[in-house]
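Me: I am new to this structure and would like a close look at one part of it. Could you take me through the empty space inside, and then the helix packing?

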Amino acid sequence: MFVHSKLASKMIKPITGFSRLTKKEKIDWLAETYLKDRPEDVAILRQYWNEDSRLQQLHDEFTENTLSNFYLPFGLAPNFLINGDLLAIPMAIEESSVIAAASKAAKFWRTRGGFKAEVIDTKKIGQVHFNFFGNKQKLKQFFKTTKPKLLEAVKPITRNMEKRGGGVLDIKLKDKTAEIANYYQLHCEFETKDSMGANFINSCLEKFAEVFQNEARNYPDFSSEEKDIEIIMSILSNYVPECLVRAEVSCPVEELNENKDLNGEDFAKKFIQAVNIAEVEPYRAVTHNKGIMNGIDAVVLATGNDFRAVEAGIHAYAARNGKYSSLTHASLENGIFKFWIEIPLALGTVGGLTSLHPLVKLALDILQQPSAKELMKIVAVAGLAQNFAAINSLTTTGIQQGHMKMHLMNILNQHNATAAEKKILTQHFTKHTVTHSSAVEELKKLRNS
């Protein structure tokens, strides 16, 4: 068995009851067990605590076994004209050039009609997965008889959601025995309005499962084996192909004239070819879509939504036709250049962190307290803008010129450059190519001189 050489000599023992320790006790154990020779690491944990004890306690209670806070930059991309409204979009992200690229795309399209966005649908999905050992036709009849009882059973759960215009939309029985023997689903559709709805959906699903199983035990047409429906699990799906939003930009091709080396039509053709490559080549599509997610995740995180769920659902959608492909598309028809994205997004503006995290509440204030549908549009636009900026760079100057200049500050900070050194080297690299080695070399030269 592999044992890390530095740990083997310490004979580290498992700890029991770690979650019941106070934060100080957890840190003391960590310091004694893994960081005995690194007191500066323990100091870093405390350095990132908020001096406001109530605010720190709020952050401590977001998750379990909290030791400290992990900071991400909270930035702003201004000048987004979306459906006629001028918005500044908050973004939480650590990667260089993302906010700059989004802002550049926003500026470019503001004078060309801005972004247009629409929500196509907001249907969300949850499933009860179960095994049934018996006659399929009898199961279908049982479901038909039981469906009204399932809907009635969740009335206490759905009452408030229904007041807001949401609730359970439908329940369907799905036969999946061709994939797994005896496997069926209750495939359930929901509308959750301004909440992301995970807890609401899961509560409904668990009640469906309970009632479905109990009703089966008392169904007179079932045999003893058929009465024994086996519930495997009840859980929402983060794949929401019918919770869709579309965003697009368009303009006469001659207005794509900002690059002095390419006229508008040549730029459009090269841009479209780059998108077409991402549509057919998965190796390119993954990186292409990753760039889109730079914009999407940054806004999703800043507004307190679940970026892991959004990522999973969007990437599944990108592969819905059996091959992973681009999320964006472009065309040139009758002299009009068009660039668009259509993605599934399950977002919320009430519940969860949206009412707890101070920066999340601030982000929603900046966005003028959007509804979930409005936030879907904003997030889709951020992804489209990010992709436009990336393809623009790739097909003209190349991606590294802009990205590495933004990354320069990280390199200089890594080598403890002073403010004066940063100023000199930032000026130097306006006329020279930035690489990690060239930045370090120039910093050494500066210090030696």
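How do the residues of the lining of the largest cavity divide into nonpolar, polar and charged?

Reply: Happy to help. This is a predicted model, in which local features need pLDDT of at least 70, side-chain atom pairs count only at pLDDT 80 or more, and totals for chains, interfaces and linings use all residues. Residues are numbered from 1 along each chain as its sequence is written, and side-chain values use heavy atoms, with hydrogens and water left out.

The lining of the largest cavity divides into ten nonpolar, three polar and two charged residues. Here Ala, Val, Leu, Ile, Met, Phe, Trp, Tyr, Cys and Pro count as nonpolar, Asp, Glu, Lys and Arg as charged, and the others, Gly among them, as polar. On a 1 Å grid over the protein atoms alone, a cavity is a set of points where a 1.4 Å probe fits but cannot get out, and a lining residue has an atom within 4 Å of a point. Searching the whole structure finds one cavity of 30 Å³ or more. The largest cavity holds about 100 Å³ of space, where a volume is the space filled by probe spheres set on the points, and grid points are joined across faces, edges and corners. It is lined by 15 residues, and Met196, Asn238, Val240, Ala309 and Ala346 are the closest to its centre. Helix H12 (residues 307-318) gives the most to this lining, with four residues; helices (H or I, at least four residues) and strands (E, at least two) are DSSP runs, numbered from the N terminus.

H12 also takes part in the lining of the largest pocket. A pocket is an open set of points with protein on both sides within 12 Å along at least five of seven lines. The largest pocket has a volume of about 1,300 Å³. Its lining counts 40 residues, with Phe62, Leu301, Leu353, His357 and Val360 nearest its centre. Besides H12, the elements that give two or more residues are helix H4 (53-60), H8, helix H11 (282-302) and helix H13 (358-366). By class, this lining has 20 nonpolar, 18 polar and two charged residues.

Two of those helices, H8 and H11, lead on to the packing. Helix H8 (residues 198-217) packs with helix H6 (residues 136-153) at an angle of about 130°, and their axes are 10 Å apart. Axes are lines fitted to C-alpha atoms, for helices over the stretch in contact, and angles run from 0 to 180 degrees between N-to-C directions. H6 and H8 are therefore oblique to each other: angles under 35 degrees count as roughly parallel, over 145 as roughly antiparallel, 65 to 115 as roughly perpendicular and the rest as oblique. In the contact (heavy atoms within 4.5 Å), the H6 residues include Leu139, Phe142 and Phe143, and those of H8 include Phe208, Val211 and Phe212. Ten nonpolar, one polar and three charged residues make up the contact of H6 with H8.

H11, in turn, crosses helix H10 (residues 264-280) at roughly 115°, and the two axes come within 6 Å. That makes H10 roughly perpendicular to H11. Ile277, Ala278 and Val280 of H10 meet Pro282, Arg284, Ala285 and His288 of H11. This contact has five nonpolar, one polar and one charged residues.
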